[in-house]
There are 6 protein chains.
Amino acid sequence: MRIDGRQNNELRPIQITRHYLKYAEGSVLIEVGNTKVLCAATIEEKVPPFLKGMGEGWVTAEYSLLPRSTQTRNVREAAKGKQTGRTHEIQRLIGRALRGVVDLKALGERTIWIDCDVIQADGGTRTASVTGAFIALVDAVNSIYTDESKPFPVRDFLAAISVGLVDEEARLDLCYEEDSRAIVDMNVVMTGNGQMVEVQGTGEKRPFTKEQLAQMLSIGEQGVAAIIEYQKDVLGPLAWKVGREGCRN
Amino acid sequence: MRIDGRQNNELRPIQITRHYLKYAEGSVLIEVGNTKVLCAATIEEKVPPFLKGMGEGWVTAEYSLLPRSTQTRNVREAAKGKQTGRTHEIQRLIGRALRGVVDLKALGERTIWIDCDVIQADGGTRTASVTGAFIALVDAVNSIYTDESKPFPVRDFLAAISVGLVDEEARLDLCYEEDSRAIVDMNVVMTGNGQMVEVQGTGEKRPFTKEQLAQMLSIGEQGVAAIIEYQKDVLGPLAWKVGREGCRN
Amino acid sequence: MRIDGRQNNELRPIQITRHYLKYAEGSVLIEVGNTKVLCAATIEEKVPPFLKGMGEGWVTAEYSLLPRSTQTRNVREAAKGKQTGRTHEIQRLIGRALRGVVDLKALGERTIWIDCDVIQADGGTRTASVTGAFIALVDAVNSIYTDESKPFPVRDFLAAISVGLVDEEARLDLCYEEDSRAIVDMNVVMTGNGQMVEVQGTGEKRPFTKEQLAQMLSIGEQGVAAIIEYQKDVLGPLAWKVGREGCRN
Amino acid sequence: MRIDGRQNNELRPIQITRHYLKYAEGSVLIEVGNTKVLCAATIEEKVPPFLKGMGEGWVTAEYSLLPRSTQTRNVREAAKGKQTGRTHEIQRLIGRALRGVVDLKALGERTIWIDCDVIQADGGTRTASVTGAFIALVDAVNSIYTDESKPFPVRDFLAAISVGLVDEEARLDLCYEEDSRAIVDMNVVMTGNGQMVEVQGTGEKRPFTKEQLAQMLSIGEQGVAAIIEYQKDVLGPLAWKVGREGCRN
Amino acid sequence: MRIDGRQNNELRPIQITRHYLKYAEGSVLIEVGNTKVLCAATIEEKVPPFLKGMGEGWVTAEYSLLPRSTQTRNVREAAKGKQTGRTHEIQRLIGRALRGVVDLKALGERTIWIDCDVIQADGGTRTASVTGAFIALVDAVNSIYTDESKPFPVRDFLAAISVGLVDEEARLDLCYEEDSRAIVDMNVVMTGNGQMVEVQGTGEKRPFTKEQLAQMLSIGEQGVAAIIEYQKDVLGPLAWKVGREGCRN
Amino acid sequence: MRIDGRQNNELRPIQITRHYLKYAEGSVLIEVGNTKVLCAATIEEKVPPFLKGMGEGWVTAEYSLLPRSTQTRNVREAAKGKQTGRTHEIQRLIGRALRGVVDLKALGERTIWIDCDVIQADGGTRTASVTGAFIALVDAVNSIYTDESKPFPVRDFLAAISVGLVDEEARLDLCYEEDSRAIVDMNVVMTGNGQMVEVQGTGEKRPFTKEQLAQMLSIGEQGVAAIIEYQKDVLGPLAWKVGREGCRN
């Protein structure tokens, strides 16, 4: 029995509020249970040095926990003067995952900055960041998508969810209390056509078997599929643009 | 005529949502027009080194703009590895202002950390931070205030507002558009009994006269008084504790 | 009775030595009682990125306490790897104050760097910095002022002084001992024609009334006027250039 | 056909030289093809603050590329003043993986520092680091393992390998040239009893299917098993201690 | 013929003003030609961690160029957030040189901090720093030297001078203009009894012969001897304490 | 009698392995007794800003101790976020010494980066770095030396050795144990024609006499001459290019 009464393969309530910020090209507040992340997408009309002149764009992400998003206050990284290893790991994951469904050539020489700022952390902040950032990204890309004869630069839907092995059972979408007890912690990032973009499973307390991996992947896959259905509702007519050509790679 | 149709001495709509965060001892979302700041107050059971063993507490503040709170994205300070001079200046102001109404001895050897994170910036973020942080502070202090025979460690109400000289007229509560055109920019922090805790006026574009200063102080005073009335409503019965002994210094 | 026998509205002895450094375009040693600050002005033939191509100049300031300018040694900021919040706050004030009397358009696309290094600190280092930096600035501006048919880029005199509420009395030009006991601490920056450029009053220990504010402003105003008289003596014939057109804004 | 003539499921030649350094409690040079990593394990008789007094130990890792380990010189992180996100991500992976087979309670209040310094980088530096660090760790742990009646604090063997999808084929142990062309890049960390400790698969250029994941896992599993056989040879009689109790969790 | 008319073995005018600062335990302004360095010595009643409990003291130095001590403004190290390699090299030299004549055991568990801040730089700032810091050190040590039956913790005089090979001639005490043309640049630190504490010669533009080295050492030795005579005058009766036991090692 | 049975003027066994790294333009592993340093030379087709457009090149060095090169682990500078003063001092010495024999004009507008990474430290790491880096430099320069009618940009051989005063005797090539007991520590960098490029002698524990200096220089000179003979063997036919024109400055 889970602490909040959910089934093992049951997601927490999820809610995405689009256009949450006034200035950003795309922005959402995503709430997954008590986890709340503000995701903003900014279009910048230039690319990092290593891409200059190559005719393609870039997507990069930054992630931060607000100091009091957590149970005990965590020191502000700007005050410490550096980002933690955890922050680096997470923001690299978010950027990588989003690039997996963006057609960087169609984007042109532009950078999309994704900012994921965690307002409240109750487990699953990195997967909520990916899921929310995807919607912000679509809105931002749409703001510069003027020539409908060209492919829409976002090729497929993308969402992420955590899965874990808790009390010998594979469980979907762990809250903080479950996460801290989990034997194995896994994050699954998948696309609208059911393919994987990133799979990360870690048995910090104990190794895990192939069967357990398969089981976790399976409920993760169901979870992502459900979230992508919700994303489509949230995007409304705009969903059609993303879906139009499928994942053409 | 102001850009949003207000009178010169008219505040923007203000709204404070208490208990905005699940874990913090005190937290509010304050909205002043389009400016939105998340203020959290954390109780830490120790004091900085310079106060150790002296039997009194401390209040300190940190301030940050989320990268996309502004019209164009501002670089994340944690990524740059240092806080800007502007951030330092503002967070020192917030801490100083709050300490002006806190009875540090009554607080005991505790630090209250105030985190002001700007979600959306449309002028007046530092004064909104002071006004919102005050409510978060009262809630946090109340969470440790167990012996009602002792004075409540917050001695008086506190709020802040900006005033400026725009188009030769003194105006209350500038939005970003007015702020960037203002000849003189002023911030007024006052208490419930009408005294001043901090007054800062700057004529970066041009000096100003004593008469202009007096005029700005006067509408600033009205503005703060109105905000404090709203703060009392927001705090409800808890307002009585703050008001009980007035400002006893 | 003040610790050094002064009247409440009496300045400490002030002395400004021009051309203190061999290489700087302008430089002074300013001594106010035991406070000694070395102010240097450097002309750089370019502007910061945000002003490039806009045909106007910039004035910016840096401030530092030498490690043993203070009673106990303070850690060298270069060794720590960052400047304190206090340093940021002060150097922003100095830059802002000077820009208040400089005609940035007349300056052309140049930056004037003001370096204020405190040799000895006995209260009032930020106001002494403003007062001394003004003279260094005038000398530096004069070194590039070749076409007398154009307006001199410094439009008016500028000086600053501290005022405080100590033992219930408003006092001018606090030394360190008074400053650390002051209930309210105020800095006033004014021009030669008696207008204000910056007013900052803080009641960290206790709020203050409008009457107290008026009283402090009044003796601050007298103090600045006296200092500006001294500045004119110090500048000699060069004072005429600054005064020629008054404050034309 | 692979660039170096290997079969898709063939490892590059691997060589581990134990006791490579004179001072470290454990150290190896691991060579996997042209990739060379120096792994050192240091025993420190204390734990990080968050574990103080809890009676258990910690294993943590640091990773660095020597500036000229790569084709073009990469800037020295110590000179830049910060570690890259890639470095953070890798050293977190190494520490996590090793902790997966260490009995932290049996270790007692000690920290084992793992330093992985890449002398030459030709793909697979993170997996070579895990594989080599494991041997250094066993030697270091053995240096403090005096009471044979207690369990040896390393519970099972551990090795890692990369797998990738290149030219539509799953390939084992990618060299740099293959790695930069790979559609999917995967790292597999497994134990001596065939369980997984960490699985990370990323489709940065394109998503991947469950069948491809299974295929990559399968050859990764074979690869790790072969490496662990080699590790046993390298450790000689010491291998028995690790194997004695199997993975008892 | 030298630019300022000196003989090859002639020093620039030197002047040391003791008790230059009000708060420091020892402080001097040293002027050597146009080079001016402010040296302060601070006594701290503790030692760095590596000496804790060993019953001896430490002497350490910090060095800095004020931004406008040089012909063109040099960026403030505190603003950049790090000290340059040159600064590190010089402050290590100063600390090492002074430790060469201090009886660290007689000092007891104290640290003497030496701050050398260059007000104006016209060549020879590091050697002027050593020469001036020595006087500040003696004053500071004297302030804690209460038991005259014990040896005075400074065992001998110490001064430094630069020598260089310019236009094929060995020259003493190079000014900036000569320094920048010198083929070989040398710094000599010697004691009152004519022994060497530090010798550093560098032929960055060209190597040099043993004969040239001997020639430079010879005029350096004369220069230091003359400076030490001046130091004795400056210290007056206090010189006797330093000289009392000679260099007893 | 020395700890390892050597005569006072006897070097430790020295071995230089050329082409140690696959990618660098020049690289060696130098072993001097138990001291092992990896030296890499990289050609970069640009110069630092201060040399732009002046038609000459630059040589610069970076130095680092691997964390476990030493008896107790030393903290990784990249993790701390800054290089120590010792590192700065050493890398400046290496760069300066190499520039002493390089014809920067003949190099053209190129920078040669020298990376010296200490694998194992048993005394003399800075002198081993100079000696090894010289060979890497020659190989790197040779890789771009195509027009044999022009002078080879390396004008003479260069090597370095440490000398010290231990137990009242001058000794060559100190190992760590001797180094930590030495009264005087000296480093000598000399060229193939017997001239000096850098001489640094420090009497941190006690000053030293001119006779002692001469004695140390004398055995240092012999040591360097022997090492240069070995360097010639190591370079083989390439030695002829360096030697062809001698040191022509």
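In which helix of chain A is A:R126 found? A:R126 is found in helix α4. This report deals with a predicted model, and it starts from the annotated site to which this residue belongs.

## The annotated binding site

An unreviewed UniProt entry lists A:R86, A:G124, A:T125 and A:R126 under "binding site". These residues span 41 residues in sequence, yet no two of their C-alpha atoms are more than 13.5 Å apart, so they gather at one spot.

Two members of this list can be described further. A:T125 is found in helix α4 of chain A, which covers residues 125-143. A:R126 is found in helix α4 as well.

## Surroundings of A:T125 and A:R126

Is A:T125 buried or exposed? A:T125 has a relative accessible area of 6%, and it counts as buried because the cut-off for that term is under 20%. Leaving aside residues up to four places away in sequence, A:T125 touches A:T35, A:V37, A:Y63, A:R86 and A:V118. With one of these residues, A:Y63, there is also a polar contact: the two side chains come to 2.6 Å.

A:R126 is buried too, with a relative accessible area of 16%. Under the restriction that residues up to four places away in sequence are not counted, A:R126 touches A:R86, A:E89, A:I90, A:L93 and A:N187. A:R86, itself on the UniProt list, is touched by A:T125 and by A:R126.

## Cysteines without disulfides

A disulfide is a covalent bond between the sulfur atoms of two cysteines. How many disulfides does the structure hold over all chains? The count is zero.

In chain B, the cysteine sulfur nearest to that of B:C39 belongs to B:C116 and is 4.1 Å away. A disulfide requires sulfur atoms within 2.5 Å, so a pair at this distance does not qualify. B:C39 is buried, at 0% relative accessibility. In chain E, E:C116 is likewise in no disulfide, and the nearest cysteine sulfur, that of E:C39, is 4.1 Å away. E:C116 is buried, with a relative accessible area of 0%.

## Salt bridges within a chain

Over all chains, the count comes to 174 salt bridges. In one of them, the side chains of A:E178 and A:R6 meet at 3.7 Å, N to O. A:E178 lies in helix α5 (residues 176-181) and A:R6 in the segment before β1 (14-18), so the pair ties together parts of chain A that are 172 residues apart in sequence. Both partners are buried: A:E178 has a relative accessible area of 0%, and A:R6 has one of 6%.

In chain C, the side chains of C:D4 and C:R6 form a salt bridge at 3.0 Å, N to O. Here C:D4 is partly exposed, at 39% relative accessibility, whereas C:R6 is buried, at 6%.

## Salt bridges between chains

Which two residues meet in a salt bridge of 2.9 Å, N to O? They are E:D117 and C:R76. E:D117 lies in strand β5 (residues 111-120) of chain E, and C:R76 in the loop between β4 (58-65) and α1 (77-80) of chain C, so the pair joins two chains. Both E:D117 and C:R76 are buried.

Salt bridges that share partners also form a network. It joins A:R2, A:D4, A:R6, A:R12, A:D122, A:E169, A:R171, A:D173, A:E178 and B:K22. The pair A:E178 and A:R6, described above as a salt bridge, is among its members.

Notes. Residues numbered from 1 in each chain as written. Chains lettered and ligands numbered in written order. Predicted model: local features only at pLDDT ≥ 70, side-chain atom pairs only at ≥ 80, totals over all residues. Heavy atoms only, no water. UniProt positions renumbered as here; feature names shortened; annotations may be inferred. Helix = DSSP H or I, 4+ residues; strand = E, 2+ residues; numbered from the N terminus. Buried < 20%, exposed > 50% of the residue type's maximum accessible area, 1.4 Å probe, protein only. Contact = heavy atoms within 4.5 Å. Polar contact = N/O pair within 3.5 Å; in protein donor to acceptor, adjacent residues only side chain to side chain. Salt bridge = Lys/Arg side-chain N within 4 Å of Asp/Glu carboxyl O.
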